Amino acid sequence: MKTAIQALAYELPPIRLSSRAIEDQLHSTMERLNMPRKIIEGLTGIRERRLWEPETLVSDAAARAAQKALDNAGISPRDIGCLISTSVCKDYVEPSVASMVHGALGLPPECLNFDVCNACLGFINGMETVSLMIRSGAIDYGMIINGESSREPIEATIARLKNPETGAEAFRENFATLTLGSGAAAMILCREDLATTSHVINGGVSMAATQHCRLCLGQKDSMVADAPSVMKYGVELAGRTWEKAAQSLENWTDETIDAYIPHQVSARNTRVLCRSLGLNQDKMYLNYPLLGNIGPAAIPITLAMAEEVGRVKTGDHVALLGIGSGLNCSMMSLTW
């Protein structure tokens, strides 16, 4: 028995923050360090990213996306047997983001709810977990949610980098934070025989290279990353994961995959990944120029957007691809 995707929804923040506006705030530091204008967009391809209004809780944003998914699914909240939040961002250390969304949606007391956090791969891990629960017969329907907010880390990082003592090394280490974006998404999975869609999960694979776990370290108000090393070792791990997928998933070749839905970091990372794995980049739906790196929200939001514009169509073989801090890599096969 396969698991089907019954509904998918997302929510984007209303405020656009351009890379140029960030550089305007960092003008003195960049001038002192002899850094050229448009360096953020030039190195990453990111023109802007989104921010929620101040004081917006990620659980509120995730709940809005979740309500959209429930409306699209045409089912009652009582049908949801498990709710998993995959947000990197948290409103509080406790309670869980999942419990807050559970309460906001009015889900039944019997509905299990908890958080799963694994950097940018959290949403795929949530899909895998809910799918296993459905296939075991424990539940009929499950929901995965995500809400991410980049306002706090971006604003705190800009404040630190404006310090007159900031050096070039500190600027490079904090650079990745300036690429972060915000967004929320929700997905409802169910038994294939209950689904009113044709969207099924065929399977997935994951691999780890945790000897590199300290290359990207994130806190609530900062993210320090050795970006070149993350890309180097992340792409190497992706190559091994691709080989594993080719051995265990049906029709896992560039020729037989119709569309790629990747976790997106930057233009350069995307080019290097495609070149290393031999992927046709034209099959990728890319939204990082306008949304930045939105962490685990990237894959569900990108999948939904790709369907909206006809880049993913019924019957397509779709590959979800993700590399996350840790380092971990996951790939999943869908028939849309």
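Guide: Contact here means heavy atoms within 4.5 Å. Please note that this is a predicted model.

Visitor: Which elements do the buried residues of H9 pack against?

Guide: They pack against strands E8 (200–208), E11 (259–262), E12 (317–324) and E13 (328–335), and against helix H10 (267–277).

Visitor: Which residues of H9 are buried?

Guide: Among them are Met 231, Val 235, Leu 237 and Trp 242. Helix H9 itself covers residues 227–248 and reaches 31 Å from its first C-alpha to its last, close to the 32 Å expected.

Visitor: Changing topic, how many disulfides are there?

Guide: A search of the whole structure finds zero.

Visitor: Why is Cys 111 not bonded to Cys 82?

Guide: Their sulfurs are 6.2 Å apart, which is too far for a bond, because a disulfide requires the two sulfur atoms to be within 2.5 Å. Cys 111 is also buried, with a relative accessible area of 2%.

Visitor: And how many salt bridges are there?

Guide: The count comes to ten. One of them joins Lys 68 and Glu 11, whose closest N and O atoms are 2.8 Å apart.

Visitor: Where do Lys 68 and Glu 11 sit in the chain?

Guide: Lys 68 is in helix H4 and Glu 11 in strand E1, 57 residues apart, and the pair links distant parts of the chain. Both belong to a network of salt bridges with Arg 64.

Visitor: Are they buried or partly exposed?

Guide: Lys 68 is partly exposed at 37% relative accessibility, whereas Glu 11 counts as buried at 16%.

Conventions: Residues are numbered from 1 along each chain as its sequence is written. This is a predicted model: local features need pLDDT of at least 70, side-chain atom pairs count only at pLDDT 80 or more; totals for chains, interfaces and linings use all residues. Side-chain values use heavy atoms; hydrogens and water are left out. Buried means under 20% relative accessible area, exposed over 50%, partly exposed in between (1.4 Å probe, protein chains only). Helices (H or I, at least four residues) and strands (E, at least two) are DSSP runs, numbered from the N terminus. The expected span of a helix is 1.5 Å times one less than its number of residues. A salt bridge is a side-chain nitrogen of Lys or Arg within 4 Å of a carboxyl oxygen of Asp or Glu.
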